[in-house]
Structures are given as structure tokens and as C-alpha cells.
There are 2 protein chains.
Amino acid sequence: MFRARSVRMSDNPTAAVLVIGDEILSGRTQDTNTNYIAKLLGTLGIDLREARVVGDVEDEIVAALDALRRRYTYVFTTGGIGPTHDDITVDAVAKAFGVGVEYHPEALAMLTARYRPGEFNDTRKRMARVPRGAELVRNEASVAPGIRIGNVFVMAGVPTIMRAMMEDVAPKLARGAVVHSATVGARVGEGRIAEGLARIARAFPELSIGSYPFYRDDGYGTQLVARGRDAARVEEAAREIESLVRAEGAAPERI
Amino acid sequence: MFRARSVRMSDNPTAAVLVIGDEILSGRTQDTNTNYIAKLLGTLGIDLREARVVGDVEDEIVAALDALRRRYTYVFTTGGIGPTHDDITVDAVAKAFGVGVEYHPEALAMLTARYRPGEFNDTRKRMARVPRGAELVRNEASVAPGIRIGNVFVMAGVPTIMRAMMEDVAPKLARGAVVHSATVGARVGEGRIAEGLARIARAFPELSIGSYPFYRDDGYGTQLVARGRDAARVEEAAREIESLVRAEGAAPERI
């Protein structure tokens, strides 16, 4: 509890991810976007505090988005912005902000240029719909843009496109102090080092000290992770963790 | 919207997953437990409606658990039940249920038998702590048990152990009508078939009809998925989708 309270008491920007799509909840698709966004935000010093997955149900999207956008500096949504009938994210976002939906002239122009005459049909035009007052998020991977409205970034669910959209988004975000981390692998059970680890966590209240057990074919052990904004303190904690592991007769391994 | 409303209007049991752990939000670990649980619940006819990820912060865990357990038939949590100081799930679950924490006699006995005399220290004893009134979830992969209290199943974050726990849990769950699905791969852009697909979605209001675009080195296209409880209707919809793809001059492919 020490670590959680103190590491979170920073004034870093905060964020949530909202994954939208029945295909994630049915197990058909493994979400990897949250992990990608988490790592990217880490490099910017933005603390990802929460992630949610909801299905393609307007009320659910509206409720989740409303809860998250009021609470965190930024919200990143993925999924549901294509041209098909199950793409309802834009309408849900507009509803959450209490605004109407309109065609964005620049998006219309971009899409018109992309298709041959006659091919830019009404369903494709759907991809130019944005909540009133929204800006476009450009990307190199697809002509169809993402959307920014207020503190919410609305992105595609297809990972390559989402990543391209984050390249446009990232430079526009406020940054915080980057979190440094050090990981020590130890071939000892958590139970043997838990007490010593708790002592180290108390000695470094400004750091997050975590233990992540693993079970592999060649044996078990745990990865001990120190995280925090002061690189020197992180290193100091990692050395104490190494001493702790050695005191249990095992060889610590920096990972 | 047709699909979402109708498929969800069933009386199937519902569920949410609550993933607990800073390591997911920092991007250090890719969560795969949600996907595993989603697929397993699908085979039991239980509708996974929502998933959330929160960090190792007691208030966050309590708030999320409280929201989810009141709303869904079942909640499955993963992570935070080991012996180390960052394992705070048991206390948070107890708090959400407004009960104290106590040693479970059976869990103590199981753990005592596992360790040599003198090795069963206070930190290891932490793994026998449960919210008052909870039952144990056994598993073949680890001596430390999971926990059931009310409609909440508290499981390990390590995937192999979580899966073993779900084997103990699954037979105890209420079951619903299993969802059948058929997938048609099509090398056409979504924009070309969106209108026809919306027509099919309207003609099969009891099904969920989804479109999931892909972009690969050898070209792009979309996977069209029909899901629902009536296998014959799912098959019927899949054939209409195949006709739609053929009408666009492409060869549909069952996946």
C-alpha cells in the first residue's frame, strides 16, 4: 500500500483506455491495444490508471466514457469507428458529450480524394462523421481519421491503424515524469522473500515494489520490480532486492 | 444496434472480469486472462459483458468490484492473491462485501502440509486469508487456493494457475444457451459491403452481425461474423453474407 499511495500522489497526467467491441468480450479477438498504449504512455510520463472493455452497446459506451473522461486527464478509445452498422462509437461519444453528429469537411475531402468517382457511397461517408466540435486524428495507415473531442481520443480497433493514430496523438499530450524500472529475476518462491521485500517497500515509500511469480518448465521463481521517477533510488532499491535474493541463497539476475 | 439489443435480451447468466495489477497498466504484462475467461464462458452460455483493469490500489479495487458484482451474475477477478505486500485483493474483496478477513482452516491445513516445518512463515500464511464466509477454489497447479464469496470468484493472476482455478469453478456456474458463430472471410473493403451487411443485420435481428477488417502484407479485407443462439439461423445468415460477398465479385471463405 505504501507504494501505491506514494507513486500515485504525483502530479503526472493520468489516462484510461476504453476498448469497444463485442469481439473482445466474446474472446474472438485478443486485445493488444491496451498494452501498446500503456507502454507508450509510460514513455511520456502519463499514468494509465484504468482500462475497460465494453461491447457494441451505445448506453454502455456512453456510461463508461462519461465515468472515465471526468476522472482522468485523457481517455483513449479503440474500436467501432468503421463504416459498418456495428460501428457506433462516434454516436456514443457525441451522446456522452451531449452534442450532435456532423460530417467533418476535411474528413469528407480526404475520403473523397481516396475513392474513385461513384465509390464514395453513403456507408463510406459514415467514416467522416464526428461529434460536433471534434478535431481529426490523422494517421499514415488509413485515410479514415480518428477523432479528438475534449480530453477523449477516438481511435480504430485495428492495431496497425490505432498505432499510426497514436503517432499523431502522442506529440499533443501533456507529459509527466517518466517512470524508471529495474527488474530482478530470482529463482526463489515468493513466500521466502515476501517479508524482506515488504521491508524494502517500506524503506522506499516513493517507489512501487512488485513481485510477479512465474512457473516455467525449468522451475519457478519471481520477478521483482522496482518502479519510480527517481532513477537513482530505483537502482538503489534493485541492489537491496539483489542482496535479499542472495541472502536466500539464490543468484539474482537483472532482466 | 439491432443485434446488440436482441442478443443481449436473453436471460443468459452474465459476467464481468476484473483484472487487478499495476503490471498490466504499466504495460509490463500483456493480459491474456480476460481472453481465456471470455472463451470459456462462451462455451457455458454465460455472456461476458464487461472487463476492467485496475491497479493495486485498495479503493479502486473495492469500487470496481462493487459496481460489477451488483450488476452481473458473476464476477471473476485475477491477480493480487499471493503472499507479497502488493497482494491486496483479499482485503479489498472483504471490504467490498463489508466483512472481516480471517484464516480459512482448510487453506491453512493445505498450506501447512505443503511446507516443511518452520517454512510455513507468516507471509506464506497470508495465502490462507479469506474474507469471512468465503469458500475455497481448489486448483491442481498451486496449493494456494482461490476464493469464492457470493457471486465473486477471486483467482490468481498467473495464467496457468488461473486456468486451473477456472476448472474448479466452471462446473459450479449456472449455464445459458451457447452462442454459435460463423465467420466469412472476404477480400473486400468494409465500405463496399456495409450497406448489404446492415440489411442482413436487420433481417436477422436475433443475431449479432459483426465486421472486423484486417490489413495484411498480402492485402486487406474483412471477417464477417454472425453470432447467435440458434445455429440454423446463424448458418442462414452466413450464407446470405457469402452471397453478398460474391455479389461484390469476391470469393467468400469460411473460417
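Here are four short exercises, with worked solutions, on a predicted model.

**Exercise 1. Work out how helices H3 and H8 of chain A are oriented relative to each other, and which residues meet there.**

Step 1: Grab the axes. H3(A) covers residues 33-44 and H8(A) covers residues 159-169; their axes come within 10 Å and cross at roughly 20 degrees.

Step 2: Turn the angle into a word. Angles under 35 degrees count as roughly parallel, so H3(A) is roughly parallel to H8(A).

Step 3: Add the handedness. The crossing of H3(A) past H8(A) is right-handed.

Step 4: List who meets whom. On the H3(A) side you'll find A:Asn33, A:Tyr36, A:Ile37 and A:Leu40, and they meet A:Pro159, A:Met162, A:Arg163 and A:Met166 of H8(A). Sorted by class, the residues of this contact come out as six nonpolar, one polar and one charged.

**Exercise 2. Find the domains of chain A and the separation of their centres.**

Step 1: Read off the bounds. The domain assignment puts residues 2-172 of chain A in domain 1 and residues 180-254 in domain 2.

Step 2: Take the centres over C-alpha atoms. For these two domains of chain A, they are separated by 36 Å.

**Exercise 3. Describe how chain B touches chain A.**

Step 1: Count both sides. Chain B brings 51 residues into contact with 50 residues of chain A.

Step 2: See which elements of chain B take part. Those supplying at least two residues each include helix H1 (2-8), helix H3 (33-44), strand S2 (47-54) and helix H9 (190-203).

Step 3: Sort the chain B side by class. You get 19 nonpolar, 17 polar and 15 charged residues.

Step 4: Check for strand pairing across the chains. Strand S2 of chain A (residues 47-54) pairs with S2(B) in the antiparallel sense, over five bridges. As one example of who faces whom, A:Val53 stands opposite B:Ala51 in S2(B).

**Exercise 4. Lay out the four-stranded open sheet of chain B and say what packs on it.**

Step 1: Write down the order. In chain B the strands go S10-S11-S9-S12, with antiparallel pairing.

Step 2: Pick out the edges. S10 and S12 (253-254) of chain B are the edge strands, each pairing on one side only.

Step 3: Zoom in on one pair. S9 (residues 180-186) and S11 (residues 219-228) of chain B run antiparallel and are joined by seven bridges. Within S11(B), B:Arg227 is the bridge partner of B:Ser181.

Step 4: Add the helix. H9(B) packs on the sheet and touches S9, S10 and S11 of chain B, and its direction makes about 165 degrees with that of S10(B).

Terms used. Residues numbered from 1 in each chain as written. Chains lettered and ligands numbered in written order. Predicted model: local features only at pLDDT ≥ 70, side-chain atom pairs only at ≥ 80, totals over all residues. Axes fitted to C-alpha atoms, helices over the stretch in contact; angles between N-to-C directions. Parallel < 35°, antiparallel > 145°, perpendicular 65-115°, else oblique. Left-handed = near helix turned anticlockwise from the far one by under 90°. Contact = placed C-beta atoms within 7 Å. Nonpolar A, V, L, I, M, F, W, Y, C, P; charged D, E, K, R; others polar. Domains from an automatic or database assignment. Pairing = 2+ DSSP bridges.
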